[in-house]
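How might one read a model of this kind, moving from its helix packing to its ligand and then to its backbone? The paragraphs below take these topics in turn.

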Amino acid sequence: MPPGFGRRDHDLLCDGVALADIAAAVGTPVYVYSAAVVRDRYRAIDSSFGGYPHALHYALKANSALAIARLLRGLGSGVDANSVWEIEVARRAGFDASQIVFTGVGKSPAELECAVALGVKAINVESAGELARVETIATRLDRQVPVAVRLNPDIDAKSHPHISTGLKINKFGVSMDEALPLLHALDRRPHLKLVAVHVHVGSQITSLEPLRRAAAFVVGVATDLRLRGMPIEYIDLGGGLGVSYDGGAVPTAEQYVTTLLDEVRRSGLPVVLEPGRAIAAPAGVLVARVIDVKPRDASSEFAVIDAGMTELLRPALYNAFHQIEPVTTNDAAPRRYEVVGPVCESSDVVGRDRLLPPLAEGDLVAVRDAGAYGSAMASNYNRRPLPAEVLVDDRQWRVIRRRQTIEDQLALET
Ligand SMILES: Cc1ncc(COP(=O)(O)O)c(C=O)c1O
């Protein structure tokens, strides 16, 4: 059996462990992750480079559970941290500062101060202003700080508009009109060391063309800088590789890396990648219980489950599709359901218009491919507690985050 989620008879298992057993012990809603899938997905990207010099910096924003971060560290990954708090998670997961790239469009002065003091591998700066703020701190601390400049190549990633980041109208990176003079002047700023040029044109990208164009673009810029005598050390191509949520075809890790290397190889520069979703999404499911079933219209019913936009925001936020299936199937004729969460918003729909075996109160359902941007985006709206998280590894499972309690929430308040 391939690693991850599959059926034995009627029961959905994660690497040999019945999801129903986990739900019975831990309760619902619960995220369940397969360590084997995380390993597989990481290694698929890593090994596709062959001997070409590279470093994978797993994007913690996708899923920053300590146990997942530790697992990736064990595989040789570095991290991309998008806040000082993700940097702290990385540190507690055992990553050295030299394994952390610090990204993000709005790093506060306090966050920059921390990253400079820590000596991260690079601060991926997003604007001329941020570069100046880093320089001020570096000058005060008398440090030379490694920086990568994130370029905005004005490339359409053709992903959902909310997760496309490479167009000029998007808030990310430095536009090309501004970038060239800024980059060319960097060798006259001794407290800044330009180590890389960076690009990230979006997430859930399912066509290789925008990724290829973005790579070609930064290679061009890096080559120009090297000709000017600026010792660029590597190219950071961000993340973005999509996964198949609906069973449709997406590029393989090998096709992805081959496409990037076709553009980068001529420069000879090492590559940094920041994959998040492609590693974590297929490694997780969200298990929830049916609370209620009630009529909707002539052809469908509502199945109200105990997880919704508070546990998995993606459907409400991006109209994202996740496959939903009963944890234990039966052979009865399927019925049509609107699978909805318990939250007080009409947008709290986990799955629209789904044909599923008949569901009854108390049944368990699994929402697939929820390992990335699932738990990481969960909230306490309606005072709902953050869900528990479980990691299955080598046929054993353990709780890697207990369910939040109302006491945990109220402990912050006076
Ligand atoms: C700068 C940067 N790098 C990496 C990622 C990870 O992207 P993905 O999860 O699509 O691989 C993101 C997320 O959007 C990002 O903003």
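What follows is a walk through two helix pairs, the surroundings of the ligand and two points in the backbone.

The model is a predicted one, and a convenient place to begin is the pair formed by helix α5, which covers residues 109-118, and helix α6, which covers residues 128-141. Their axes lie 10 Å apart and the helices pack at an angle of about 50°; since angles under 35 degrees count as roughly parallel and those from 65 to 115 as roughly perpendicular, α5 and α6 are therefore oblique to each other. The crossing of these two helices is right-handed. On the α5 side the contact is made by P109, L112, E113 and V116, and these meet E130, R133, V134, I137, R140 and L141 of α6. Sorted by class, the contact of α5 with α6 holds six nonpolar and four charged residues, with no polar ones.

Further along the chain, helix α7 (residues 176-184) and helix α8 (residues 208-227) form another pair, with axes that come within 11 Å and cross at roughly 30°. With angles under 35 degrees counted as roughly parallel, α7 and α8 are therefore roughly parallel to each other, and their crossing is right-handed. From α7 the residues M176, L180, L183 and H184 take part in the contact, and from α8 the residues F217, V221, D224 and L225. Six of the residues in the contact of α7 with α8 are nonpolar, while one is polar and one is charged.

The next topic is the ligand, which has 14 residues around it, and of these S203, G240, E274, R277 and Y373 come nearest. Through its side chain, S203 places an N or O atom 2.4 Å from an oxygen atom of the ligand. The side chain of E274 also takes part, with a polar atom 2.5 Å from a nitrogen atom of the ligand. For R277, by contrast, the atom concerned is a polar backbone atom, and this lies 2.8 Å from an oxygen atom of the ligand.

Two details of the backbone complete the tour. The peptide bond that joins T28 and P29 is cis, with omega at about -5°, and P29 is placed in the loop between α1 (19-26) and β4 (30-34). Elsewhere, D142 has a positive phi of about 50°, although this residue is not a glycine; D142 is found in the loop between α6 and β9 (145-152).

Technical notes: Residues are numbered from 1 along each chain as its sequence is written. This is a predicted model: local features need pLDDT of at least 70, side-chain atom pairs count only at pLDDT 80 or more; totals for chains, interfaces and linings use all residues. Side-chain values use heavy atoms; hydrogens and water are left out. Axes are lines fitted to C-alpha atoms, for helices over the stretch in contact, and angles run from 0 to 180 degrees between N-to-C directions. Helices (H or I, at least four residues) and strands (E, at least two) are DSSP runs, numbered from the N terminus. Angles under 35 degrees count as roughly parallel, over 145 as roughly antiparallel, 65 to 115 as roughly perpendicular and the rest as oblique. A crossing is left-handed if the near helix is turned anticlockwise from the far one by less than a right angle, and right-handed if clockwise. Contact means heavy atoms within 4.5 Å. Ala, Val, Leu, Ile, Met, Phe, Trp, Tyr, Cys and Pro count as nonpolar, Asp, Glu, Lys and Arg as charged, and the others, Gly among them, as polar. A residue is near a molecule or strand if one of its heavy atoms lies within 4 Å of it. A polar contact is a pair of N or O atoms within 3.5 Å; within protein, one must be able to donate a hydrogen and the other to accept it, and residues adjacent in sequence count only if both atoms are side-chain atoms.
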